[in-house]
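Visitor: I am new to reading protein structures. Could you walk me through this one, feature by feature?

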Amino acid sequence: MGFKIVPRYGKSLKDKLYLPALFGGMKTTMSHFLKNLSDTSNIKTECYPEMQPTDITSRYRGVHRLTHRDDDSVRCVACFMCATACPAECIFIEATQREDNVDEKMPKKFSIDLLECVFCGGCVEACPCDAIRMDTGIFTFVAQKREDFVLNKEQLLANKEGN
Amino acid sequence: MNAILVTVVIVNIILALLFSLGAVPILVWVERRVAGFIQDRLGPNRCNIAGFRLGGLVQSFADMFKLVFKEDFRAGDIKEKFIFRISPVIVFVSAFLSFMVMPFADNLVIGDQTFLMQGLPIDFGILWFLALAGLSVYGIMLGGWSSSNKYSLLGSVRAGAQVISYEASMTLALISLLITYGSVHLVDIVNFQSGLIFGFIPAWGIVMQPLAAIIFITTAFAEANRTPFDIAEGESEIVGGYHTEYSAMKFGLFFVGEYIAMSASSAFIVTLFFGGYNIPWVGTQMLKEHFDIVMIAILIILPILSYKFRGWILKNNVWPKADDKRNNESKWLIRVLIMMNIVIILLFGYFLLFGVASTATNIAVALIQIATFAVKLLLMNFVFVWVRWTLPRFRYDQLQELGWKVLLPLSIANIFITALVVVIGA
C-alpha cells in the first residue's frame with residue numbers, strides 16, 4: 001500500500017491572482033472563435049435536412065424490411081418466431097397456406113407498429129430463414145396519422161437494403 | 001432655437017437610440033453566433049426573409065416578433081399588479097437613460113456654434129450614469145418581490161446584495177479616475193485621453209489606471225447582471241430568478257434592458273478607459289488639419305477590406321443545398337458592398353478634387369469619430385459576450401468574497417496611490 005500525494009492547486013500567487021487563469025481561458029475560447037469564423041467548414045455540425053448523415057453503418061437498426069426469395073416471392077414462412085421474440089409485441093402476423101409448392105406457409109398479413117417497436121433487433125435474431133432484416137438505413141419515419149405508422153406486408157417488402 | 005441646433009439634437013437622439021435600442025438585435029445575434037463559434041457550433045443560421053439571412057441576424061427580429069405577439073400571462077396569485085407591471089419598465093428605462101450621456105464625437109463646431117455630441121447634452125455624465133445604473137436594480141428587486149414566487153424573491157435578494165457589494169467598489173474605482181482626469185464631464189475625460197504619455201503611448205485610462213480599469217470592468221459585469229455575476233438569474237439554481245413569472249413582452253423588456261445595460265456599460269468603459277471616440281495617435285485637431293490624408297487613407301484601406309470581406313462571404317456564406325434561395329444572398333451582399341464602395345469613393349474623390357469647407361470637415365470628422373466609437377463599442381460588447389461564454393458563474397459566497405475582500409480594499413488602495421502620485425507630482 002502506497003500513498004499518493006494529490007497536489008493542491010490554488011495556493012500559488014499565480015493561482016490566487018485569478019487573472020492569468022482567466023486570460024488563459026479567454027485565449028482558448030478566442031482561438032476556437034477565430035478558427036470557426038475564418039472558415040465555417042471547421043464546424044462539424046451538419047445542417048440536417050439539407051445534409052444527410054453519412055456515418056450510418058450497415059449494422060444500424062433502421063426500419064424493418066421483409067426479404068425476397070430468388071423468384072421475388074416473400075421469404076417469410078409465418079413461423080411466428082419474430083412475433084414471439086418481440087418484447088414490444090408490435091409484430092402482427094396472419095398466416096395462410098402457400099399454394100405454389102415452394103413452401104408450406106406464408107404470411108397473409110404481416111404488419112409492424114413502428115410506434116410500439118423499440119428497435120431492439122430481436123426479430124432479426126429470432127428469424128430462422130433470414131426473412132426480416134433491419135438494414136434499410138432509414139432512421140426517420142414520418143407520417144401524419146397513427147395508423148400510417150403501422151407498416152403492412154407490401155410496404156415492408158418494398159423497403160430496400162440501404163447503404 | 002435655430003434649425004441647426006434642432007437638427008443636431010435630433011441626430012444625437014437618433015444616434016443614442018441606434019447605439020442602445022437599435023444595437024439590441026445585433027447584440028443578441030452576436031451573443032448567439034459567438035457562443036456557437038466558441039463552442040464549435042453554428043448558431044442561428046436558418047431564418048431568412050426571401051433568402052436573406054444576414055448571417056442569422058434575421059432570427060433576432062423573428063424572436064422579438066414572437067415575444068410581442070405571445071400571450072401576456074400573469075398568475076392570479078400576484079397581488080401587486082402595478083409593481084409587477086412597472087418593474088420591467090424601470091429596468092428598461094434606467095438602462096436606456098444611462099446610455100444617453102455617452103459622447104459619440106468631439107464637440108461639433110458649425111459656424112460659430114458648438115454642440116455637445118451626446119443624447120443628453122449635460123456636463124456631469126459620470127454622475128448621471130452612476131445614478132441610473134444603480135436604479136435598474138430597483139426594477140429587478142420589485143419585479144422579483146411582486147411575483148410572489150420563492151425563486152423570484154431569491155433572485156431579487158441576490159441582485160440587491162450583489163449591487164450593494166459591487167457598487168461600492170465601482171464608485172471607489174471611479175474616484176481614483178476622477179483624481180486623474182479632474183473632471184466629471186465625459187467629453188473632458190475623452191479629450192484628456194487623446195494625449196500621449198512618454199510621447200508614444202496613447203494616454204488611455206487603461207494605461208493610466210490599470211487597476212481601476214480591472215476593478216471597474218469587473219464591477220460593470222456585475223452591474224449589467226452578466227455572467228460570471230448573473231446569480232440573480234441563476235437558471236441552474238433558481239429557475240429563472242427574478243423574471244421567472246414574466247412572459248411575453250414584459251420578459252422581453254427585461255431582456256432588452258439587460259442588453260442595453262450591457263451596451264451602456266461598454267460605452268462607459270470605452271469612454272473612461274479606451275479613449276472614447278479617439279483614434280489612437282490621431283486627435284481631433286490633427287484629423288481636421290490633415291483631412292485629405294485621412295480621406296486618401298480611407299480610400300486605400302476601404303477597398304482592400306471590402307475585397308477581403310467579399311472573399312470571406314464567398315467562402316463561408318454558402319447554404320448546403322444547391323438550388324436554395326438562400327444561396328442568392330452572397331451575390332446581393334457583394335453588390336451592396338460594391339455600391340457602398342463606389343459611393344464613398346465618389347464622395348471623397350469630389351472632396352479631394354474640389355476641396356472641403358470647414359463645416360463639412362467638422363461634420364466628416366465627427367462622422368469618423370462616431371464610427372470609431374461604434375467600432376470600439378462593438379468590440380467591448382464582444383468582450384462581454386466572450387467572457388460570458390468563457391467563465392462559469394460565481395458561487396454566491398465567492399461573489400461576496402470577491403466584492404468585499406478583494407475589490408473594495410484594492411479600490412481604496414488605488415485611491416491612495418493615485419492621490420499620492422498626483423500630490424507628489426504637483
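Guide: Happily! One idea helps from the start: a residue is called buried under 20% relative accessible area, exposed over 50%, and partly exposed in between. Please keep in mind that this is a predicted model.

Visitor: Let me try that out. Is A:R133 buried, exposed or partly exposed?

Guide: A:R133 has a relative accessibility of 26%, so it counts as partly exposed. Its salt-bridge partner A:D130 is also a good exercise: with a relative accessible area of 36%, A:D130 is partly exposed.

Visitor: How far apart are the closest N and O atoms of A:D130 and A:R133?

Guide: They are 2.9 Å apart. A salt bridge needs a side-chain nitrogen of Lys or Arg within 4 Å of a carboxyl oxygen of Asp or Glu, so this pair qualifies. Both residues also belong to a network of salt bridges that links A:R65, A:D130, A:R133, A:D135 and A:E161.

Visitor: How many salt bridges are there over all chains?

Guide: A search of the whole structure finds 18. Among them, A:K145 and A:D148 meet at 3.9 Å, N to O. A:K145 is partly exposed at 46% relative accessibility, and A:D148 is partly exposed at 31%. In chain B, B:R395 pairs with B:D397, with the closest N and O atoms 2.8 Å apart. B:D397 is partly exposed, at 37% relative accessible area.

Visitor: Now the overall form. What is the pattern of helices and strands along chain A?

Guide: Chain A has five helices and five strands, and along the sequence they run α-α-β-α-β-β-α-β-β-α. The radius of gyration of chain A is 27 Å, well over the 15 Å that the globule rule gives for 163 residues, so chain A is more spread out than a compact globule. Its C-alpha atoms fill a box of roughly 90 × 55 × 30 Å along the principal axes. Buried residues make up 32% of the chain's 163 residues.

Visitor: What should I know about nonpolar side chains before looking for a core?

Guide: In soluble globular proteins, nonpolar side chains tend to be buried together. Here the largest nonpolar core has 85 residues, and those with the most contacts inside it are B:M102, B:F216, B:F268, B:L272 and B:F373. Helix α10 of chain B, residues 248-273, gives the most to this core, with twelve residues. There is also a second, separate core of 22 residues, which includes A:C76, A:C90, A:C117 and A:C127.

Visitor: Which residues does B:F373 touch, leaving aside its neighbours within four places in sequence?

Guide: Its contacts include B:F19, B:M102, B:P103, B:F104 and B:Y277.

Visitor: Where can I find nonpolar residues on the surface?

Guide: Look at B:I296, B:I300, B:I301, B:I304, B:L305 and B:L352, which form a nonpolar patch with about 540 Å² of accessible area together. Helix α12 of chain B, residues 291-316, gives the most to the patch, with five residues. B:L305 lies in this helix and is exposed, with a relative accessible area of 53%.

Visitor: One last residue: is B:S330 buried or exposed?

Guide: B:S330 is buried, because its relative accessible area is 7%. You will find B:S330 in helix α13 of chain B, residues 329-354. Leaving aside its neighbours within four places in sequence, B:S330 is in contact with B:I313 and B:N317.

Key. Residues numbered from 1 in each chain as written. Chains lettered and ligands numbered in written order. Predicted model: local features only at pLDDT ≥ 70, side-chain atom pairs only at ≥ 80, totals over all residues. Heavy atoms only, no water. Patch = residues over 30% accessible without salt bridge, like charges linked within 9 Å, V, L, I, M, F, W, Y side chains within 5 Å. Areas by Shrake-Rupley, 256 points an atom, 1.4 Å probe, with all protein chains shown as cover. Helix = DSSP H or I, 4+ residues; strand = E, 2+ residues; numbered from the N terminus. Buried < 20%, exposed > 50% of the residue type's maximum accessible area, 1.4 Å probe, protein only. Core = buried A, V, L, I, M, F, W, Y, C linked by side-chain atoms within 4.5 Å. Contact = heavy atoms within 4.5 Å. Rg over C-alpha atoms; globule rule 2.2 N^0.38 Å.
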